[in-house]
Amino acid sequence: MPRPFRFGVNLLSSAPAEEWRAKCRRAEALGYDVILVPDHLGMPAPFPALVAAAEATERPRVGTFVLNTGFWNPALLAREVATTDALTGGRLELGLGTGYVQAEHDTAGLPFGTPGERVDHLLRTVEELDRLLGSPEHQPRPVQKPRVPLLIGGNGERMLKLTAEHADIAAFAGARSVAGSTTGALAPLTAEELDERVAAYRRFATGRAEPAELNLLLQLVAVTEDRSAAVQDLLSRVPQLTEEQVLDLPIVLVGTVEEITAQLRARRERYGFSYLTVLEPHMEAFGAVVEALRGE
């Protein structure tokens, strides 16, 4: 049996307290299962934003999507994770990534490092979090046992191997970093390229005691009867792809609610994606899809 669908929304824009609470309550009313916050300069600080989200809502879990691990010292991060899990009543999901925006590290005065160095730091962080939060002597204590659920996102071979070994949730962005960019420019993966990345992850995950939940971050959601018009802006930014290829991109959902729900069922069958995350600008449009797929 396929894993049931689960839906998250990544909230990108900060807001005064009551506006933030209202936004989180709206996500809950639309049926989202997880309220998420990224970790970029110029966006809300993740952990206080998640505590506020949990206080404003009753049902959704809350999570980081994803922490820029290069910003964090593992011991200090363990304190943040344990405190946030306690203050949210055990609703926290911890998402980690290597970081991909060099300009943010430059602004923060932190080393960016090579891709290999960033993966090394992520691995050390995961191992230290397990050691620290797994110790009964660590204070504060998280609520969830044996640990806060861990989501790891990445595309490269080492990242997929690390994800297969350590993560409860394997997250796929459906895009790759553009070589030489310091601002985090991304290029989408085609359907066939994502097939290969998921297959590589599954090879590394052979022998897991429990299969991980697979997550996909959706970059464009448009509920419309004119699919062609909805992708023209994106098409202009990826001139190497045809309109048909853009419409087939795994990170793109365009069509009527019925067409989109069919697309998501097909992607769950093809790739195993049951946990779908949308960006804040698409929260309202995707709400109708969440309602249509509730319980599947």
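Q: Does H11 pass H12 in a left-handed or a right-handed crossing?
A: This is a predicted model, and the pair to look at is helix H11 (residues 257-271) with helix H12 (residues 283-293). Going from one to the other, H11 passes H12 in a crossing that is right-handed.

Q: At roughly what angle do the axes of helix H11 and helix H12 cross?
A: Two packed helices are described by the angle between their axes and the distance between the axes. Here the axes of H11 and H12 come within 10 Å, and they cross at roughly 65°.

Q: By class, how many residues in the contact of H11 with H12 are nonpolar?
A: On the H11 side you have Val257, Ile260, Thr261, Leu264 and Arg265, and they meet Phe286, Ala288, Val289, Ala292 and Leu293 in H12. Sorted by class, that contact has one polar residue, one charged residue, and a nonpolar count of eight.

Q: Over in the H3 and H5 pair, is H3 roughly parallel or oblique to H5?
A: Helix H3 (residues 74-87) and helix H5 (residues 115-133) have their axes 9 Å apart and pack at an angle of about 55°. Roughly parallel would need an angle under 35 degrees, and roughly perpendicular starts at 65. Therefore, relative to H5, H3 is oblique.

Q: By class, how many residues in the contact of H3 with H5 are charged?
A: H3 brings Pro74, Ala75, Leu77, Ala78, Val81 and Ala82, which meet His121, Thr125, Glu128, Leu129, Leu132 and Leu133 in H5. By class, the contact has nine nonpolar residues and two polar ones, and the charged count is one.

Q: Is histidine 138 buried or exposed?
A: Histidine 138 sits in the loop between H5 and strand E6. Its contacts beyond four places in sequence include Ala78 and Ala82, along with Leu132 and Leu133. The relative accessible area is 12%, and the cut-off is under 20%, so histidine 138 counts as buried.

Q: The backbone oxygen of which residue lies 3.0 Å from a polar atom of the side chain of histidine 138?
A: The partner isn't another side chain: a polar atom of the histidine 138 side chain has a backbone oxygen 3.0 Å away. That oxygen belongs to proline 140.

Q: The side chain of arginine 6 makes a polar contact with which residue?
A: Arginine 6 is found in strand E1, and at 16% relative accessibility it counts as buried. Leaving aside neighbours within four places in sequence, its contacts include Asp33, Glu93 and Glu213. The polar contact joining side chains, at 2.7 Å, is with glutamate 213.

Q: Is aspartate 168 buried or partly exposed?
A: Aspartate 168 is in the loop between helix H6 and strand E7. Like arginine 6, it touches Glu213, and Arg147 and Arg208 are also among its contacts. Since buried means under 20% and aspartate 168 has a relative accessible area of 31%, it is partly exposed.

Q: How far apart in space, C-alpha to C-alpha, are aspartate 168 and leucine 150?
A: Leu150 is one of the residues that aspartate 168 touches. The two are 18 residues apart in sequence, and C-alpha to C-alpha they are separated by 5.3 Å.

Q: In which helix does leucine 235 lie?
A: Leucine 235 is buried, with a relative accessible area of 17%. Away from its sequence neighbours, it is in contact with Leu241, Thr242, Glu243 and Val246. Leucine 247 is twelve residues away in sequence and 9.3 Å away in space, C-alpha to C-alpha. The helix that holds leucine 235 is H9.

Key: Residues are numbered from 1 along each chain as its sequence is written. This is a predicted model: local features need pLDDT of at least 70, side-chain atom pairs count only at pLDDT 80 or more; totals for chains, interfaces and linings use all residues. Side-chain values use heavy atoms; hydrogens and water are left out. Helices (H or I, at least four residues) and strands (E, at least two) are DSSP runs, numbered from the N terminus. Buried means under 20% relative accessible area, exposed over 50%, partly exposed in between (1.4 Å probe, protein chains only). A polar contact is a pair of N or O atoms within 3.5 Å; within protein, one must be able to donate a hydrogen and the other to accept it, and residues adjacent in sequence count only if both atoms are side-chain atoms. Contact means heavy atoms within 4.5 Å. Axes are lines fitted to C-alpha atoms, for helices over the stretch in contact, and angles run from 0 to 180 degrees between N-to-C directions. Angles under 35 degrees count as roughly parallel, over 145 as roughly antiparallel, 65 to 115 as roughly perpendicular and the rest as oblique. Ala, Val, Leu, Ile, Met, Phe, Trp, Tyr, Cys and Pro count as nonpolar, Asp, Glu, Lys and Arg as charged, and the others, Gly among them, as polar. A crossing is left-handed if the near helix is turned anticlockwise from the far one by less than a right angle, and right-handed if clockwise.
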